[in-house]
Amino acid sequence: KTGTKRSAPAITYFFEKSIPNAKKARPSEKSKEGEGSDEKSSEKRQKIAKLVVECLTPYYASKRIANKELFKSLARKISHSALDRPHFDESVCKAAIEQFFAGRATVDGSEDLKLFRLFN
């Protein structure tokens, strides 16, 4: 071994030159028409996620959700279920979570998450 190191730019240059027809990654091009709906969808998703976290936090604080990973997974599952509903507000969120916890003392594993249904 000679002990010489190649710098990162030289390696990058080598790979770019060794693949003659390789295209560089381009940022995705969004159509002007769909941007408004994407923004509304994103805002709705963020609003629902925030609401779900606020409703679930008391259950996590009282140790009814075993750990942070389960909390995040449950919040994600509820949020995704809520996106399919035409009307989802704080009262619906609280009712769904209360209904879920009515049948169990704690959420201890991923098997408990599979049991969640947003108002059957």
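Analyst: Helices here are DSSP runs of H or I with at least four residues, numbered from the N terminus. Keep in mind that this is a predicted model.

User: OK, so how far apart are lysine 94 and glutamate 90 along helix α4?

Analyst: Lysine 94 and glutamate 90 are four residues apart in α4, which means they're separated by about one helical turn. An α-helix has 3.6 residues a turn, so residues three or four places apart point the same way.

User: What makes the pair lysine 94 and glutamate 90 a salt bridge?

Analyst: The cut-off is 4 Å between a side-chain nitrogen of Lys or Arg and a carboxyl oxygen of Asp or Glu. For lysine 94 and glutamate 90 the N to O distance is 3.2 Å, so the pair counts under the 4 Å rule. By that rule the count comes to one salt bridge.

User: And why is lysine 94 called partly exposed?

Analyst: Partly exposed sits between the 20% and 50% cut-offs. Lysine 94 has a relative accessible area of 41%, and glutamate 90 has 42%, so both get that label.

User: How do you know that the length of α4 fits a helix?

Analyst: Count it out: at 1.5 Å a residue, the 13 residues of α4 (residues 90–102) should span 18 Å, and the end C-alpha atoms are 18 Å apart, so the two agree.

User: Which residues of α4 are buried?

Analyst: They're Val92, Cys93, Ala96, Ile97, Phe100 and Phe101. They cover an arc of only 160° around the axis, so they sit on the same side of α4.

User: What about α3: which of its residues are buried?

Analyst: Leu70, Phe71, Leu74, Ala75, Ile78, Ser79 and Ala82. Their arc is only 165° around the axis, which means they lie on the same side of α3. On the face turned away from that buried side you'll find the exposed residues Glu69 and His80.

User: Cysteine 55 and cysteine 93: how many disulfides are counted?

Analyst: Zero. A disulfide needs two cysteine sulfur atoms within 2.5 Å. The cysteine sulfur nearest to cysteine 55 is that of cysteine 93, 3.2 Å away, and cysteine 55 is in no disulfide. Turn it around and cysteine 93 is in no disulfide either, with the sulfur of cysteine 55 at that 3.2 Å.

User: Why is cysteine 93 called buried?

Analyst: The cut-off for buried is under 20%. Cysteine 93 comes in at 0%, so the label fits. Cysteine 55, at 9%, counts as buried too.

User: Then what makes arginine 104 buried or exposed?

Analyst: Its relative accessible area is 19%. That's under 20%, so arginine 104 is called buried. This arginine lies in the loop between α4 and α5 (110–113). Leaving aside neighbours within four places in sequence, arginine 104 is in contact with Arg64 and Leu115.

User: And why does lysine 63 get its label?

Analyst: Lysine 63 has 66% relative accessibility; exposed means over 50%, so lysine 63 counts as exposed. You'll find lysine 63 in the loop between α2 and α3.

User: Which residues touch the most other members of the largest nonpolar core?

Analyst: Of its 22 residues, Leu56, Leu74, Phe88 and Phe101 do. Helices α2 (35–61), α3 (68–83) and α4 each supply at least two residues of this core. Beyond residues up to four places away in sequence, Phe101 touches Leu56, Tyr59, Arg64, Ile65, Leu74 and Val107.

Key: Residues are numbered from 1 along each chain as its sequence is written. This is a predicted model: local features need pLDDT of at least 70, side-chain atom pairs count only at pLDDT 80 or more; totals for chains, interfaces and linings use all residues. Side-chain values use heavy atoms; hydrogens and water are left out. The expected span of a helix is 1.5 Å times one less than its number of residues. Buried means under 20% relative accessible area, exposed over 50%, partly exposed in between (1.4 Å probe, protein chains only). The arc is that of the directions from the helix axis to the C-beta atoms. A nonpolar core is a set of buried Ala, Val, Leu, Ile, Met, Phe, Trp, Tyr and Cys residues joined through side-chain atoms within 4.5 Å. Contact means heavy atoms within 4.5 Å.
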